[in-house]
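Got the viewer open? Here's a walk through the model, one selection at a time.

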Amino acid sequence: LFDGIYPFYPQQRKVSVFDVSTIIVIVVFLAFTCSFLLIIPGIRGRARLYWTLRVLLSLLVGVVIIAVQFTGDWETGWVTANTSYKSFSHALVNADIGLHVGLAGVNITLRGNPVNQVNETIDYNEHFDWSFDADYDHSYSEGLERGLPSPILYLAEKFTTQSPCNVHRQYRISGHYASATLWVAFCTWLISNMLFSMPVLVYGGYMLLVTGAFLIFSLLSFSTVRNIPMCLIQFGTATLHVGYGGSFWLTLAIGLLCFVAGITVVALHHFNLDLLKTFFDLREDKAEECQEMTEVYVN
């Protein structure tokens, strides 16, 4: 009616590049990083390098722990297929269909090849939430009422409570416990930074090990979704296969980094305490206080 826009119907939702919550987390940690970079010139000698390495690694661990809570690529899958576009229509479109599973829901992407086909712009991104304060089946019903394209509804139906696939409960519970475990890992990361600043170095190393352990526990929790085989997702002759995505492997890498850093701190405390004090830029009096405090705790 107005340049090809129909005013009485909802328009197509475009593909989102980043989730808003993820952007907020990244901006906050970038602000911390920039603030530190402004004061780093005031640190003299090799201590400047040690401070930079410690702070940047710590901020990296923190931003990953928070950001993966909101990302939607713990499991991902893509397929290019010729498929029907709308119900009660024989028109076929060629499109890329993506499935992105997060801790709190699933995102389904539909992008045409080319984007403009059958007199429409095929570029969709739909989110269906299954967190404990959301109703997935209600979101799916709203999608039916809005007349979403058939490939999106076909994928979304696989995760409903009434689906024969029977994967909704497993994904919902696994994502919930993985998210809770990540929040515990964030708390232990904060405690480790406090212990390093006191400074009680060896206990900070222990808390880094605990942080890495909880990150691994979150991965194990999410991996339980593989206990239930996923239904076959078929679009004509093409099959969509789902595998672990970037957030899963990034969490694994950060967990291993915490283990390596924690083991290094604990090992240096027992075998080369002077090198550990040098890396943490401790003055002699502060180092002696740290050593005395450690001995008191051991006794």
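Start by selecting helix 5 and helix 6 in this predicted model. Their axes come within 8 Å of each other and cross at roughly 170°. An angle over 145° counts as roughly antiparallel, so helix 5 runs roughly antiparallel to helix 6. Colour the contact by residue class and you get 18 nonpolar residues, 9 polar ones and no charged ones.

Keep helix 6 (residues 201–223) and swap its partner for helix 7 (residues 246–271). These axes also come within 8 Å, with a crossing angle of roughly 155°. That makes helix 6 roughly antiparallel to helix 7 as well. As for handedness, helix 6 passes helix 7 in a left-handed crossing. The class count for this contact is 19 nonpolar and 10 polar residues, and again no charged ones. If you're keeping notes on these pairs, the usual two entries are the angle between the axes and the distance between them.

While helix 7 is still on screen, pick out Leu250, which lies in it. Is Leu250 buried or exposed, or something in between? With a relative accessible area of 40%, Leu250 is partly exposed. Now add Trp74 and draw a distance between the two C-alpha atoms: you should read 9.6 Å, for residues 176 apart along the chain.

Next stop: the cysteines. How many disulfides does the structure hold? There is 1. Select Cys165 and Cys231 and show the bond that joins them, with the sulfurs 2.0 Å apart. The torsion about the S-S bond is -140°, and the link between Cys165 and Cys231 is left-handed. Which parts of the chain does this pair tie together? Cys165 sits in the loop between helix 4 (150–157) and helix 5 (168–197), while Cys231 sits in the loop between helix 6 and strand 5 (234–235), so the link ties together parts that are 66 residues apart in sequence.

Switch on a surface and compare the two ends of that link. Cys165 is buried at 7% relative accessible area, whereas Cys231, at 24%, counts as partly exposed. Two more cysteines deserve a click here. Cys187 is partly exposed, with a relative accessible area of 43%, and Cys258 counts as buried at 1%.

From Cys165, step back to helix 4 and select the whole element. How many of its 8 residues are buried? The number is 6, so helix 4 is mostly covered. Highlight them: Ser150, Pro151, Ile152, Leu153, Leu155 and Ala156. What do these residues pack against? Their partners are strand 1 (75–84), strand 2 (92–101), strand 3, strand 4, helix 3 (136–146) and strand 5.

Two of those partners lead to the next stop, which is about backbone geometry. Most peptide bonds are trans, and most residues other than glycine have a negative phi. Zoom in on Asn113 and Pro114 and check omega: it is about 0°, a cis peptide bond. Pro114 belongs to strand 3 (residues 105–117).

Carry on along the chain to Val118, in the loop between strand 3 and strand 4 (120–129). Phi of Val118 is near 45°, a positive value in a residue that isn't glycine. On the surface view, Val118 comes out as partly exposed, with a relative accessible area of 39%. Asn119 lies in the loop between strand 3 and strand 4 too. Asn119 also has a positive phi, about 60°, although it is not a glycine. How accessible is Asn119? At 85% relative accessibility, Asn119 counts as exposed.

Finish by zooming out and selecting the whole protein chain. Its secondary structure comes to 9 helices and 7 strands. Colour by accessibility: 42% of the 299 residues count as buried. If you like contact maps, plot one now. Among contacts between residues at least 6 apart in sequence, 67% join residues at least 24 apart.

Conventions. Residues are numbered from 1 along each chain as its sequence is written. This is a predicted model: local features need pLDDT of at least 70, side-chain atom pairs count only at pLDDT 80 or more; totals for chains, interfaces and linings use all residues. Side-chain values use heavy atoms; hydrogens and water are left out. Axes are lines fitted to C-alpha atoms, for helices over the stretch in contact, and angles run from 0 to 180 degrees between N-to-C directions. Helices (H or I, at least four residues) and strands (E, at least two) are DSSP runs, numbered from the N terminus. Angles under 35 degrees count as roughly parallel, over 145 as roughly antiparallel, 65 to 115 as roughly perpendicular and the rest as oblique. A crossing is left-handed if the near helix is turned anticlockwise from the far one by less than a right angle, and right-handed if clockwise. Ala, Val, Leu, Ile, Met, Phe, Trp, Tyr, Cys and Pro count as nonpolar, Asp, Glu, Lys and Arg as charged, and the others, Gly among them, as polar. A disulfide is a pair of cysteine sulfur atoms within 2.5 Å. Buried means under 20% relative accessible area, exposed over 50%, partly exposed in between (1.4 Å probe, protein chains only). Contact means heavy atoms within 4.5 Å.
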